[in-house]
Amino acid sequence: MRGRAPVTAQQNRESGAPEAAAVPGRVAEQPAGYPATGLGARLVALGVPAEALAEVRDLARANGAGMVDILLQKRLLPEDVLLAALSDEYGIPFWEELPTDHIDTAFTAHFSIQYLKKQKMVPLDTPQGFVVAVNDPANFQAADDLCRLLGLPERTVVLATQEAIHAAINLAYDLSRSTAKEFFQEMNEESTDSLISEIEETGDLLDETSDAPIIKLVNLLLSGATKDRASDIHVEPYQAAVKVRYRIDGILYDILSLPRKIHSPLVSRVKIMAKLNIAEKRLPQDGRIEIKVADRSVDIRVSTIPTAFGERVVLRLLDKTSSILQLSDLGMESRKVGVFNRLIKSPYGIVLVTGPTGSGKTTTLYAALSTINSPEVNIITIEDPIEYQIDGIGQIQVNPKIDLTFAQGLRSIVRQDPDIILVGEIRDRETAEIAIQSSLTGHLVFSTLHTNDAASAVTRLIDMGIEPFLVTSSVIAIIAQRLVRVLCPKCKTAYVPDDESLANLGIDKRQLDRHLLYRKQGCSACMNTGYRGRTAIFEILILDDPIKSLVLKTSDSNQISDMAMKRGMTNLLADGAKKVLEGTTTIEEVFRVTRIIKRETDLEA
């Protein structure tokens with residue numbers, strides 16, 4: 001945020017500046033030589049061609065659009081450069097960041113979220129006073145109307161980027177809405193029995209104005225889960241109550257307990273949104289919902305199953321606006337990133353990623369694909385489901401209803417002249433055999449397996465019926481991973497753990513001379529959990545010649561793992577210990593996701 005104070009229209013008038021200075025970009029008030037003078041001259045000096053600027057002026061006059069919007073749409077200048085030029089020309093401060101720590105949400109009762117986003121402005125109560133942050137200062141009429149409706153005597157304007165304004169708007173409307181728990185407490189007995197209306201095309205949940213209580217309750221549950229970074233919502237019926245839980249950073253938290261009679265309309269509403277059969281309550285059903293919460297598009301997979309006390313519903317939330325991570329963002333140390341980078345650029349072979357459900361396997365494979373994706377290679381995937389759309393990659397959705405399985409899809413893929421193939425999961429012998437044959441005929445194949453560690457993947461393939469010599473001929477590397485929660489940077493506290501915990505983690509106490517270890521505390525920023533976000537720990541098993549020779553002799557995962565560690569593999573526990581020493585996570589988190597086995601001699605002692 002620049003140091004210049006906000007400028008009011010009154011101050012502009014008293015300083016003798018022309019009225020246009022308070023509202024730059026009003027084309028009709030520019031001098032005849034525009035764009036050769038004033039703002040036009042500044043923009044030309046910044047590299048905007050004079051002909052393009054004249055075209056922008058003509059479009060603004062013809063369409064009644066703002067010049068800022070047109071300049072940004074044509075990408076003639078970066079937004080921050082354009083706003084800095086407007087700031088210097090007209091003396092209106094440009095705030096690169098908007099102060100939202102103590103945002104006042106009172107204005108949300110007067111304006112819809114769509115209106116403010118369309119006008120690209122937001123009122124803020126700041127230490128410098130009440131200001132209106134705008135993206136285009138030529139939009140003075142909307143700013144005047146806003147100030148008049150809020151009862152403000154003076155219009156004080158600052159410039160801000162569209163992203164900063166939208167973020168402030170979303171935060172204000174998010175904070176202004178009651179939680180699902182608060183809303184339910186306000187519901188009266190009669191309203192809980194309200195009938196559910198058929199859903200139409202879903203709008204922004206932050207601006208949902210429907211009066212049906214169940215619709216409001218479901219919308220609040222969905223928007224609350226998105227705000228709290230939840231990956232799943234569980235609706236669980238019991239004899240006397242219905243429990244709602246969110247899974248946040250891999251851990252389930254109780255959110256709400258509802259009366260038993262809420263269950264039927266709640267489940268029916270979710271089924272209507274997912275286009276499921278609301279009359280069928282005896283069989284499991286699967287569906288999908290697409291919603292929008294502020295600027296975030298969220299894809300929701302819905303699963304229902306019958307239980308003793310009614311249908312249990314689980315909603316898996318996938319934020320489609322999230323960007324695909326790069327290899328360096330996964331949590332791998334630089335040496336492992338280098339190894340992984342070399343593996344994914346192999347001309348052929350199979351690279352397997354293993355771990356339990358929800359351990360980030362697909363995210364790792366997407367990061368690999370985005371790294372090697374280029375016009376020179378043909379990449380085709382078969383997935384269940386397709387979690388992210390990647391430009392330049394052909395992605396197939398598994399559909400068992402029409403017999404489009406992993407095996408069947410993989411058969412068709414190899415006839416599409418691919419260079420790289422991603423198989424969402426190897427679930428059976430048939431899929432494994434086709435994947436191996438594909439790798440042996442010159443394709444690079446990525447896939448996942450559900451095993452506890454890297455060495456167990458070899459045992460699993462052989463247990464499926466794959467010959468050991470085929471495993472050693474095709475598989476070039478196996479990567480095992482787990483997700484550990486990251487300590488909240490605002491509240492984590494340093495401490496010295498007990499000797500037993502250090503010994504179990506393999507940390508020498510002398511290492512504490514060079515490292516600080518932390519434990520969780522809990523604050524408002526992390527919902528009092530002590531953690532915010534997750535990162536991964538890895539072990540990479542490369543099938544080199546000694547490992548291949550051992551696999552041909554035995555499929556014992558313990559022997560394979562011991563050999564790999566002697567040859568330099570860092571297992572999950574050791575990689576977790578490094579994250580603990582770096583202050584990223586806690587000892588308890590590493591123990592939670594890895595298996596700690598003590599020798600019998602240790603137990604006897």
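## Antiparallel sheet of six strands

Strand β5 (residues 230-237) and strand β6 (residues 241-248) run antiparallel and are joined by 7 bridges. Within this pair, Val235 stands opposite Val244 of β6. The model described here is a predicted one.

β5 and β6 belong to an open sheet of 6 strands, ordered β7-β6-β5-β10-β9-β8, in which the pairing is antiparallel. The edges are taken by β7 (251-259) and β8; each has a single partner strand, so one side of each is left without a neighbour in the sheet. On average, and with direction ignored, neighbouring strands of this sheet are turned by 20° against each other.

## Strands β8, β9 and β10

At the β8 end of the order, strand β8 (residues 285-293) pairs with strand β9 (residues 296-307) in the antiparallel sense, over 9 bridges. Here Glu290 stands opposite Asp299 in β9.

β9 also pairs with strand β10 (residues 310-319); these two run antiparallel and are joined by 10 bridges. Ser303 has Val314 in β10 as its bridge partner. The connection from β9 to β10 is a hairpin through 2 residues.

## Helices on the six-stranded sheet

Two helices that pack on this sheet are α10 and α11. Helix α10 (residues 213-227) touches β5, β6, β7, β8, β9 and β10, and its direction makes about 25° with that of β6. Helix α11 (residues 263-273) likewise touches β5, β6, β7, β8, β9 and β10; the direction of α11 makes about 45° with that of β10.

## Mixed sheet of seven strands

A further open sheet consists of 7 strands in the order β13-β12-β14-β15-β11-β16-β19, with mixed pairing. β13 (394-397) and β19 (531-542) are the edge strands, each pairing on one side only. From one strand to the next, the twist averages 20°.

Within the sheet, β11 and strand β16 (residues 475-487) run parallel and are joined by 5 bridges. Thr354 has Ala480 in β16 as its bridge partner. Helix α21 (residues 572-581) packs on the sheet, where it touches β16 and β19, and its direction makes about 140° with that of β19. Helix α16 (residues 454-464) lies across β11, β15 (444-449), β16 and β19, and runs at about 130° to β16.

## Helix pair α14 and α15

Helix α14 (residues 406-413) packs with helix α15 (residues 429-440) at an angle of about 20°, the axes being 8 Å apart. An angle under 35 degrees counts as roughly parallel, and α14 is therefore roughly parallel to α15. The crossing of these two helices is left-handed.

On the α14 side the contact is made by Phe406, Ala407, Leu410 and Arg411, which meet Glu430, Thr431, Ile434 and Ala435 in α15. By class, the residues of this contact are 5 nonpolar, 1 polar and 2 charged.

## Helix pair α2 and α5

The axes of helix α2 (residues 38-45) and helix α5 (residues 79-90) cross at roughly 140° and come within 10 Å. α2 and α5 are therefore oblique to each other. Their crossing is right-handed.

In α2, the residues Gly38, Leu39, Arg42 and Leu43 take part; they meet Leu82, Ala85, Leu86, Asp88, Glu89 and Tyr90 in α5. The contact of α2 with α5 divides into 6 nonpolar, 1 polar and 3 charged residues.

## Confidence of the prediction

The protein chain has a mean pLDDT of 82, and 84% of its residues reach 70 or more. Among the elements of the chain, strand β11 (residues 349-354) has the highest mean pLDDT, at 96, and helix α23 (residues 600-604) the lowest, at 40. β11 is also the strand that runs parallel to β16 in the mixed sheet.

Over residues 9-37 the pLDDT is below 50, and this stretch has 51 contacts in the model beyond near neighbours in sequence. Over residues 188-202 the pLDDT likewise stays under 50; for this stretch the model has 22 contacts beyond four places in sequence.

How values were computed. Residues numbered from 1 in each chain as written. Predicted model: local features only at pLDDT ≥ 70, side-chain atom pairs only at ≥ 80, totals over all residues. Heavy atoms only, no water. Axes fitted to C-alpha atoms, helices over the stretch in contact; angles between N-to-C directions. Helix = DSSP H or I, 4+ residues; strand = E, 2+ residues; numbered from the N terminus. Parallel < 35°, antiparallel > 145°, perpendicular 65-115°, else oblique. Left-handed = near helix turned anticlockwise from the far one by under 90°. Contact = heavy atoms within 4.5 Å. Nonpolar A, V, L, I, M, F, W, Y, C, P; charged D, E, K, R; others polar. pLDDT = per-residue confidence, 0-100. Pairing = 2+ DSSP bridges.
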